[in-house]
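Visitor: I am new to this structure. Please take one place where two helices meet and go through it closely.

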Amino acid sequence: MGEYVLEMNNITKVFPGVKALDGVTLKVRPGSVHALMGENGAGKSTLMKCLFGIYHEDGGEIIFDGKKRTINTSKEALDLGISMIHQELHPIRFRPVMENIWLGRFPMRGIAVNKKAMIKQTKELFKEVDLDIDPEVLAGTLSASNLQLVEIAKAVSYNSKIIIMDEPTSSLTDNETEHLFKIIRQLQSKGCAIIYISHKMEEILKISDEVTIMRDGQYVGTWPAKELTTDLIINRMVGRDMTNRFPPKTYTPGTEVVLKVDDICSPLPKSFQHVSFDLHKGEILGIGGLVGAQRTEMVEALFGLREIVSGKVEKDGKPFLIKSVRDAKAHGLALLTEERRASGVFGILSIEDNTVIAAQKDFARNGVLQEGKRYKAAKESNESMRTKTPSMEELMQNLSGGNQQKVLIARWLLTHPDILILDEPTRGIDVGAKYEIYTIMHDLIKEGKSIIMISSEMPELLGMADRVMVMCEGRVTGILSREEADSVQVMRLATAFMK
Amino acid sequence: MQGEKTIPRKKYALIFIVVGALLAILGVAFNFILDATKTFDMPWFILGIGAIALIYGVVQITRGERLHPEVSFSAKTAKSFLTNNAIMLALLVLVVVICFIEPRFMQIRVLLDILTQSSTRMIIALGICFTLLIAGTDLSAGRMVGLAAVISTSMLQTATYANRFYPDLPELWVGIPIVAAIIACMLFGTLNGFLVAKYDMHPFIATLAVQVMIYGACSLYFDMPPNNSQPIGGVRPDFAAIGQTKIGGQFSILIPIAIVFTIAIWFVLNKTVFGKNVYAIGGNREAAVVSGVNVFKTIMGIFILASFLYGVGGVLEAARTAGATNNYGNGYELDAIAACVVGGVSLNGGIGTVGGIISGVLIFTVIQYGLQFIGISPMWQQVIKGVIIAIAVAIDMSKYRRK
């Protein structure tokens with residue numbers, strides 16, 4: 001074996017319209033903890049999925065254990081000695097913990113599963129990682145942090161040479177994190193290398209030996225952890241120029257408060273708590289934060305999709321109670337959800353149906369559709385959005401992501417909203433279409449509407465927002481004016497509670 | 001794309017109009033030329049096909065502004081045409097084959113028989129299609145048909161009949177028992193809707209529970225003294241007339257009734273806010289919620305409307321057969337679901353047209369009637385029916401599977 005157990009050289013991965021990875025290099029020494037860092041969307045998960053056989057890289061080479069490899073499936077990766085703890089856990093909830101661990105490689109006796117041996121193996125494994133969980137308890141009854149630890153135990157059980165940990169501490173308490181670190185050191189002493197993905201700076205500086213930083217699908221560099229500080233990492237993660245990616249600003253935001261949110265709380269303790277902010281007329285209020293900061297949950301609550309247990313919301317100086325989407329709609333709110341496919345588009349319906357769905361009643365008399373009026377409204381609204389479609393009868397699923405997004409904006413404009421909430425408005429949209437969406441946002445502001453924009457992309461947040469509100473773990477950690485907002489500040493606030 | 005050819009929509013429409021007109025003329029001409037003892041009513045069928053092509057062409061022109069101005073032909077469009085219309089084509093092939101084996105099949109009388117037999121099935125299938133469109137199902141349809149049949153006939157027996165359900169009941173206006181029967185169904189439909197909309201129960205299990213309740217309730221009613229579970233007979237002729245009248249000796253009154261309901265449901269599905277909301281909930285329930293569609297109200301509406309249609313179907317069945325037992329309608333829901341699915345209604349929700357359901361219902365009747373006509377045993381008919389369901393759904397799935 002050479003100096004490295006794993007070398008990923010010049011890895012390139014292209015998705016339709018997006019270059020997700022562009023010549024990324026990652027070299028991991030045996031028995032070391034190698035941290036992989038970057039903003040949301042920098043390409044960390046994509047790189048790991050290439051390594052784990054979920055994606056196949058379009059260019060570059062993977063050298064593992066001294067040999068060049070092509071990894072086509074996760075099974076091949078596991079057989080080679082690469083295991084992965086995924087960011088999102090998908091346990092089989094109604095089966096015992098042990099079956100979740102040994103799935104696909106159950107100990108057998110003849111044609112039957114050897115349950116006794118499985119219990120024994122599981123107990124031994126749990127002992128090794130110092131975990132006190134009954135192997136026969138159902139996976140669904142475990143807490144999120146215990147599940148996470150079981151998942152770590154599972155990765156250990158493969159006796160891998162490399163374990164990829166994607167945000168392993170996102171649901172762990174401080175004590176549990178310490179426990180994880182103990183396991184990691186144990187693994188290290190056996191010569192197992194760890195690729196560690198996390199946003200938590202202090203954690204990274206504490207546990208890792210080397211740090212590789214990525215930005216926008218590109219390789220920034222690799223440094224020994226000893227030479228780094230939190231500020232240095234942040235600077236290297238976000239440092240980039242931002243010319244010409246956004247249309248020039250030709251409006252001045254107002255000062256009149258259109259929406260006043262006062263101390264709203266979710267019934268779930270881990271969700272948003274004590275959120276307060278003002279939205280001014282004719283401004284774009286950006287909401288920044290890391291994945292899991294509960295930004296989406298907060299705006300969905302404002303839109304009547306989730307419960308609010310305490311706090312007040314005022315629109316134009318009048319208090320209003322949001323119980324359902326219909327209330328929110330009646331008060332002039334509109335929401336473009338984060339998951340366009342899951343909760344936005346009706347793929348199998350026409351553009352026309354997709355466009356008028358939120359304002360059906362305006363184009364019907366006594367429940368009977370007024371076809372002409374309906375068609376005209378859909379057509380005009382889409383024309384104002386410059387949606388590219390052969391006809392209004394085209395199926396929504398045949399449009400590109402950018403055009404689908406335009407149809408969704410067209411949909412909400414038909415309800416005549418004053419406040420548009422855009423949750424990740426340009427996710428999965430190619431660069432050209434992004435610029436068009438930004439232009440549309442400016443046009444809407446000029447028409448006197450106000451926009452709340454959630455964005456996990458730092459340049460978008462800084463380039464588009466008039467003010468930036470940052471959330472971390474369900475709380476507002478700061479509201480920055482355009483002048484104050486820079487990437488370092490935002491990142492600091494976004495990780496304010498993270499240790 | 002290679003081998004692609006585009007022509008303007010106007011020209012495309014014109015081809016249909018010309019071919020349609022030619023066929024129509026040919027049909028009229030054949031009527032005079034051909035020997036009616038050998039080809040039976042074939043000329044009339046040719047005339048009919050010509051008329052349909054003509055109407056299609058005219059529609060293409062009048063709706064031209066909404067459609068793409070050009071029609072393209074290529075291997076891809078041909079393939080999608082085949083998968084989209086596989087069932088209609090299969091029906092066509094089946095009819096042609098049967099006609100070759102037994103030319104007597106080409107008679108207007110046969111066509112009318114098929115339409116008559118399809119009528120009540122059509123109404124029930126129209127009801128069930130709503131529940132399928134929201135990716136649900138309705139297992140209580142058949143039992144509701146039975147309930148409506150029993151309730152309506154129990155109050156509509158002739159005064160002189162020996163085994164009267166209500167011996168002392170005066171002669172009611174025929175509408176009262178019919179409305180009572182349909183309302184009874186709608187109450188159970190409301191229960192279906194409530195269980196699904198309020199408790200988010202899967203329609204499969206909610207309607208299964210309600211189905212069992214209906215059968216129990218219906219049997220209790222049927223078992224009341226003095227009837228004690230005897231088949232209800234002696235139905236009043238004015239009620240039986242609703243299902244048995246033949247206009248001009250051949251044309252059953254059930255056909256226009258079914259057509260009226262079909263048009264009404266087509267209107268509801270395509271021209272009302274309710275219909276659009278049904279498609280939206282079926283297409284993407286999450287997105288419908290986010291768009292502010294009142295999901296609760298819509299689901300309630302679906303099950304109540306469906307139960308109304310089953311009630312109508314039950315009353316018509318009772319009138320047609322002039323009698324009822326508590327086992328009436330047993331299994332009708334499965335026939336109706338099969339017809340819908342074969343007609344292209346997706347069990348995943350959101351996809352389905354009234355036109356498709358018509359073809360789905362017709363194909364089952366044609367199979368049954370046609371195979372009987374050429375003397376194939378009922379056991380083989382079942383096998384063929386099953387094979388057709390399996391193939392139709394397989395084609396349907398390949399249409400939506402994405403790689």
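Guide: Two residues are in contact here if their C-beta atoms, placed from the backbone, lie within 7 Å. Helices are DSSP runs of H or I with at least four residues, numbered from the N terminus. The model is predicted, so local features need pLDDT of at least 70 and side-chain atom pairs count only at pLDDT 80 or more, while totals for chains, interfaces and linings use all residues. Residues are numbered from 1 along each chain as its sequence is written, and chains are lettered from A and ligands numbered from 1 in the order in which they are written.

The part chosen is the meeting of helix 8 (residues 230-238) of chain A with helix 17 (residues 487-494) of chain A. From helix 8 of chain A come I234(A), N235(A) and V238(A), and they meet S487(A), V488(A) and M491(A) of helix 17 of chain A. By class, the residues of this contact are four nonpolar, two polar and no charged; Ala, Val, Leu, Ile, Met, Phe, Trp, Tyr, Cys and Pro count as nonpolar, Asp, Glu, Lys and Arg as charged, and the others, Gly among them, as polar.

Two packed helices are described by the angle and the distance between their axes. Here the axes come within 10 Å and cross at roughly 120°. Axes are lines fitted to C-alpha atoms, for helices over the stretch in contact, and angles run from 0 to 180 degrees between N-to-C directions. Helix 8 of chain A is therefore oblique to helix 17 of chain A, since angles under 35 degrees count as roughly parallel, over 145 as roughly antiparallel, 65 to 115 as roughly perpendicular and the rest as oblique.

As for chain B, it has 17 helices and four strands, a strand being a DSSP run of E with at least two residues. The C-alpha atoms of chain B fill a box of roughly 75 × 60 × 40 Å along the principal axes.
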